[in-house]
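Biologist: I should like to take a close look at a single part of this model, beginning with one strand and what lies beside it.

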Amino acid sequence: MNLLAGIKHLLGTLGVRPAFRWISLSLITVAAVATTAQSYRDIHHEMTNVTLARRETVAQLAAATLLEKFRRLTDLATSLATRPQVQDLVAEKKWLEAGAFLRNVPNDLPYIERVFLTDIDGILKVDAPALPGVRGTSFAFRDWYQGVRQHWQPYISPVYQRAAAPRLKVLAVAVPVRDPQNRVTGILVLQSTVDRLFDWV
């Protein structure tokens, strides 16, 4: 009887061992795949974080550079608008004479596409370089006009497509022109194309 029981036990063990080995091998494979997948996820996450950090640094540098350029544009426009000759001529509504003091700005500063003067209602009075058909046009609908008029402070517009041909993508810096009594008598606007701005940056 003992011999028969021993044989049954041996046969049972032989039948169980291959199944046990297969289960063990499967568990080891699953564990290895899971560990590899987790390692890949960790590496991917780390690389993504490094890439995003680098891009954020580049974006912050670009933003700081653009901010500095916008400040310089605003300072330039303010400097032109506070020239005593320009202030006096705009106050006297001598637009062409005031424009004579501005006509060389686009030639001297290549990142400036155009400079022009409007009255306080946003009607263009003189521009350099002069474009046909725009003098006497109201630009009160433009963002730069709404922005500068709100508090009569310098204003930088978003990028927009200008009305005159060629219809370039530009941004504008608008600053008020004041008379000696600090009354606003006009608006000076500098336009820069997006391409020229980025070349300048």
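Which residue in strand E5 stands opposite Gln-161? Please go on from there to describe the surroundings of E5 (residues 169–178).

Modeller: Gln-161 stands opposite Lys-169 in E5. Before going further, please note that this is a predicted model, in which local features need pLDDT of at least 70 and side-chain atom pairs count only at pLDDT 80 or more, while totals for chains, interfaces and linings use all residues. Residues are numbered from 1 along each chain as its sequence is written, and side-chain values use heavy atoms, with hydrogens and water left out.

The chain as a whole contains 6 helices and 6 strands (DSSP runs numbered from the N terminus, helices being H or I with at least four residues and strands E with at least two). Along the sequence their order is α-α-α-α-β-β-α-β-β-β-β-α.

Gln-161 belongs to strand E4 (residues 160–161), which runs antiparallel to E5 and is joined to it by 2 bridges. Two strands are said to pair if DSSP finds at least two bridges between them. Strand E3 (residues 155–156) also pairs with E5 in the antiparallel sense, again over 2 bridges. In that pairing, Ile-156 stands opposite Val-173 of E5.

A further partner of E5 is strand E6 (residues 184–193), which is antiparallel to E5 and joined to it by 9 bridges. Here Ala-172 faces Gln-191 in E6. E5 and E6 together form a hairpin, with 5 residues between the two strands. Asn-182, in the turn of this hairpin, has a positive phi of about 70°.

The next point is burial, where buried means under 20% relative accessible area, exposed over 50%, and partly exposed in between (1.4 Å probe, protein chains only). Of the 10 residues of E5, 8 are buried, so the strand is largely enclosed by the rest of the structure. For the whole chain of 201 residues, buried residues make up 32%.

A last figure concerns contacts, meaning heavy atoms within 4.5 Å. Among contacts in the chain between residues at least 6 apart in sequence, 48% join residues at least 24 apart.

In summary, E5 pairs with E3, with E4 and with E6, and 8 of its 10 residues are buried.
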